Amino acid sequence: MEPTAPTTFVDRVTTEDEDLDLGPITPEVLPAGATEKYFEAVGRRKQAVARTRLMTRKSGDETKGESALIMVNDKDYREYFTDRMLQERVESPLKRLKSLTRFKVTAHIAGGGISGQADALRHGISRCLELFDANFRKRLKKAGFLTRDPRQVQRKMPGLKKARKAPRWSKR
């Protein structure tokens, strides 16, 4: 009979709302010239690519009510994404973790359209949050934020006007 290994916090099953307190976070020594510690990830959707950096919010950071502090291409995300639905899509990973005002995010987005860019930013923020704390993975994965959406535009076929649209057919 083999002895059983002691149960660690990794082996324990956690519920979705249970928060694990792993003690205080000790900051790492930063390289020369760096201002603060950040977590970096890339999010993609269609042709859009978002390079995302996540930092913990400091007391000196400016706040605009109960909204997230997200900068996209050196603009506030509410100026960059004017549609309310796109703004909610960008905020959704932070709302899911109930930490909308806890983090500061900067992102550089290129390529694609405005909707694809919003989804790419959501994917990038989710990946950064997973790097920040591995316990966030379960909730983000359940919401589908960590899965890269593989759907792409279908290419145009020869003899057709678009990907599937054929020219008008006539019998004679």
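## Overall layout

Which pattern does the chain follow when it is read along the sequence? In this predicted model, the chain follows the pattern β-β-β-β-α-α-β-α-α, and it has 4 helices and 5 strands.

Of the 172 residues in the chain, 31% are buried. If one takes the contacts in the chain with a separation of 6 or more, residues 24 or more positions apart account for 63% of them.

## Two helices that pack together

Helix α2, which covers residues 84–96, packs with helix α3, which covers residues 114–132, at an angle of about 10°, and the axes of these two helices are 8 Å apart. Because angles under 35 degrees count as roughly parallel, α2 and α3 are described as roughly parallel to each other.

On the α2 side, the residues that meet α3 are L86, R89, V90, S92, P93 and L94; on the α3 side, their partners are I114, S115, A118, D119, L121, R122, I125, S126 and L129. Sorted by class, this contact of α2 with α3 has 9 nonpolar, 3 polar and 3 charged residues.

## Aromatic rings

A pair of aromatic rings is described by the distance of the centres and the angle of the planes. The count for this model comes to 4 aromatic pairs. One of them is formed by F103 and F132, whose rings lie 4.9 Å centre to centre with 85° between the planes, an arrangement that is edge-to-face. This pair links distant parts of the chain, since F103 belongs to strand β5 (residues 103–110) and F132 to helix α3, with their positions 29 residues apart. Both F103 and F132 are buried.

F132 also pairs with F136: the centres of their rings are 6.3 Å apart and their planes stand at 20°, so this pair is stacked. Both F132 and F136 are buried. Together, F39, F103, F132 and F136 form one aromatic cluster. F39 has a further neighbour in K37, whose charged end sits over the ring of F39, 4.8 Å from its centre.

## An exposed loop residue

Is D74 buried or exposed? D74 is found in the loop between β3 (69–72) and β4 (75–76), and because its relative accessibility is 67%, D74 counts as exposed. Although D74 and A107 are 33 residues apart along the chain, their C-alpha atoms are separated by 8.1 Å.

Conventions. Residues are numbered from 1 along each chain as its sequence is written. This is a predicted model: local features need pLDDT of at least 70, side-chain atom pairs count only at pLDDT 80 or more; totals for chains, interfaces and linings use all residues. Side-chain values use heavy atoms; hydrogens and water are left out. Axes are lines fitted to C-alpha atoms, for helices over the stretch in contact, and angles run from 0 to 180 degrees between N-to-C directions. Angles under 35 degrees count as roughly parallel, over 145 as roughly antiparallel, 65 to 115 as roughly perpendicular and the rest as oblique. Contact means heavy atoms within 4.5 Å. Ala, Val, Leu, Ile, Met, Phe, Trp, Tyr, Cys and Pro count as nonpolar, Asp, Glu, Lys and Arg as charged, and the others, Gly among them, as polar. Rings of Phe, Tyr and Trp (its six-membered ring) pair if their centres lie within 6.5 Å; planes under 30 degrees apart count as stacked, over 60 as edge-to-face and the rest as tilted. Buried means under 20% relative accessible area, exposed over 50%, partly exposed in between (1.4 Å probe, protein chains only). A charge sits over a ring if NZ of Lys or CZ of Arg is within 6 Å of the ring centre and within 35 degrees of the ring normal.
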